Amino acid sequence: MGLSSRHLLGLQGTPREDIQLILDTAVSFKEIINRPIKKVPTLQGKTIVNLFFENSTRTRTSFELAERRLSADVLNFAASTSSVSKGETLKDTARNIEAMKIDMVVVRHGAAGSAHFLSRIIDANVINGGDGQHEHPTQGLLDMYTLREKFGRLEGLHVCIVGDILHSRVARSNIYGLKTMGARVSVCGPATLMPRGIERMGVEVYHHLDDVLPTVDALNVLRIQMEREAGGYFPSLREFHRYFGVTKERLDRAGRPITILHPGPINRDVELSADVADGPQSLILEQVQNGVAVRMAVLYLLGTQS
Amino acid sequence: MTTTLIQKGRLIDPATHRDETVDILITDGVITAVGSGLAVPPGTAVVPMEGRIVAPGFIDIHVHLREPGYEHKETIETGSRSAAYGGFTAVCCMPNTNPAIDDESLVTFVMSQAKRVNGGIVDVYPIASVSKGREGKTLSPIAELVSAGAVGLSDDGAPVFDAKVMRRALEYASMYGVPVMQHCEIPELAKGGVMNEGFVSTELGLPGIPGIAEEIMIARDLLLAEYTGSRYHVCHMSTARSVELVREAKRKGIRVTCEVTPHHFTLTDDAVRSFDTNTKMNPPLRTAEDVEAVIAGLQDGTIDVIATDHAPHSLDEKEVDYLQAPFGIVGLETAIGLTVSMLVEKGRLNLMQMVEKFSTNPRRIIGRPVEVKPGAPACLTFFDPSAEWTVKTSDFRSKSKNSPFEGRTLRGRAVGIYNNGTLLQY
């Protein structure tokens, strides 16, 4: 039994069975990448292009590592977003990909829907590596993998996503995925960074961390983009840290152990204090390792479909 | 001398409350008789219209013909041909061209182009810019523009955001009897947005344009219109609250009129889930509640006009990611079909009301009424409200094909027009 789709464009609408299959498959890949010989021949002869219109060292290297460990041929295509017309570049590049007979495309782009756009115009399998503020499905999957590994389940788990929900594709993919898997999901952040109608996605909305912490199993702390301060979404980074920053003191007050996730890179002492980031409840580096395993699972499942 | 008999059509004329099957005899472009069973003089071309509607010529008071400056999207020739095949005998073209229509020579240019193309069958009435260069700072030479033929004023595509400039525009325009037609949008609230702000934008992670961006400006302008006593027209109204504001203002006697596009009573922001850039327009597609309110506004007369906001863009321009894509869709050739299918067929609007919104009301607003009676120049739209057809954008006469309605089956289609002494049947 394989995945129900040829592409991974997002976690919205991705069935529970597919998520389950990806997470289960990732378990074996995690085992493989902890062996002395980390490479398997599964995708030998397949060509994968990493099409990155936005800078992202982490996601790209994680995908590249996953692709190489599956023995695929890898092409990295980094297109500058500052070129005159991003859209034209995307379309033209897509046509080039078709001409070069690429099997799979991992695409990162600043516009929501760009992975959907690509999937409509090319034959290759498309994996969304982040489209604007829409979705980042492999991040959602690796976060779920990390939580499942820690807690043994996702069902009934209370996960709170903290920070800039409005601009976050990580938040959306986590909400879609976790809700599908039966978790309880909350979001916490300033009202100015909360998208309208988010409660209709089936999440609880909080504006004060102390209100939600006593019932939370895990916090997924989002990176706060420094330019949001200039954008007037909150008065200052200092105030943001004081009221929405996850600190040891605040966690201690909750009176229960709370697991910490962060998609990285961290702004230390802005959204997350250094002692929490490096503390015993932090699974941040585990996420990085799991990211490779989960991406291997996705590539494998899509790349070996009949 | 050429004589034409429009035979046994169902004449619907809101101006005279007529709804009856009649013959219309036209001689050299002028109606010579209206009645049943008219004698057919020798040499008369008989045009059978049984089962079809004959209406005073339809006008679309909100189209973008793109000329001068953006002829790769549309020209006055292709745009007016699109209008003719959509059943319109006249259009008003918006001044967001390059250069903007802010000078009498440009008004003259547009009008002379229109007379030159397509045998001049479609009247093109320019709307001139409110402010020089559409920059919202200083008034255009309004008196000169109106003398040259401009029928309204608008900076459409952008709002007149400065309240003082808007006040002066309303006051000044009132001397010449033309409406100020506002694209209502608070720029700071709408900036960066590409779709309606709401649950769907939240799910899609696309930046939103909130309804209040439109509503706040309408509220401000209504106060200005009340204060100055001037005529004010709201372009492409899209939200429930906007309808409410205008309804209340009309009740108070403020001189306000407004229009809605067919796409705003047909589609909701759910359509954006396809990420099809032909669902991107400004104002954006709103929610189901807004669609309901807009339809209620059409029913009770709050909304006077159906206008398409025909906004052609080339395929290359639209075939990009959603953030980059320009706003707007073409509308002239689907307007009648969408209105009949979404409103008339569903019993939301009767044919009399429909003709009112496509002809009587918009013509009154821009001061270009037509009459269906002996002695009047023949200006007529013919349409078949029961014709079923499937939208094929490749068949559009417009130079651009950017429509979200490709493949949609519609009921109601124009079958011809008569204007300026010329009959066009298709």
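**Cavities and a nonpolar surface patch in chain B**

The lining of the second largest cavity comprises five nonpolar residues, four polar residues and no charged residue. In this predicted model, that lining is formed by Pro262(B), His263(B), Thr308(B), Ile329(B), Val330(B), Gly331(B), Thr334(B), Leu338(B) and Phe405(B), and the space within the second largest cavity amounts to about 40 Å³.

Three cavities of 30 Å³ or more were counted in the model. The largest cavity holds about 70 Å³ of space and is lined by 13 residues, of which Cys184(B), Glu185(B), Glu214(B), Asn282(B) and Pro283(B) are the closest to its centre. By class, the lining of the largest cavity divides into seven nonpolar, three polar and three charged residues, whereas no charged residue occurs in the lining of the second largest cavity.

On the surface, Tyr172(B), Met175(B) and Tyr176(B) together make a nonpolar patch of about 300 Å². One of these residues, Met175(B), is placed in the loop of chain B that runs between α4 (163–174) and β10 (180–182). Met175(B) has a relative accessibility of 51% and is therefore classed as exposed, since that class begins over 50% relative accessible area. The exposed residue Met175(B) thus contributes to the nonpolar patch alongside Tyr172(B) and Tyr176(B).

Definitions and conventions. Residues numbered from 1 in each chain as written. Chains lettered and ligands numbered in written order. Predicted model: local features only at pLDDT ≥ 70, side-chain atom pairs only at ≥ 80, totals over all residues. Heavy atoms only, no water. 1 Å grid on protein atoms, 1.4 Å probe; cavity = no way out; pocket = protein on both sides within 12 Å on 5 of 7 lines; lining within 4 Å. Points joined across faces, edges and corners; volume = space filled by probe spheres on them. Nonpolar A, V, L, I, M, F, W, Y, C, P; charged D, E, K, R; others polar. Patch = residues over 30% accessible without salt bridge, like charges linked within 9 Å, V, L, I, M, F, W, Y side chains within 5 Å. Areas by Shrake-Rupley, 256 points an atom, 1.4 Å probe, with all protein chains shown as cover. Salt bridge = Lys/Arg side-chain N within 4 Å of Asp/Glu carboxyl O. Helix = DSSP H or I, 4+ residues; strand = E, 2+ residues; numbered from the N terminus. Buried < 20%, exposed > 50% of the residue type's maximum accessible area, 1.4 Å probe, protein only.
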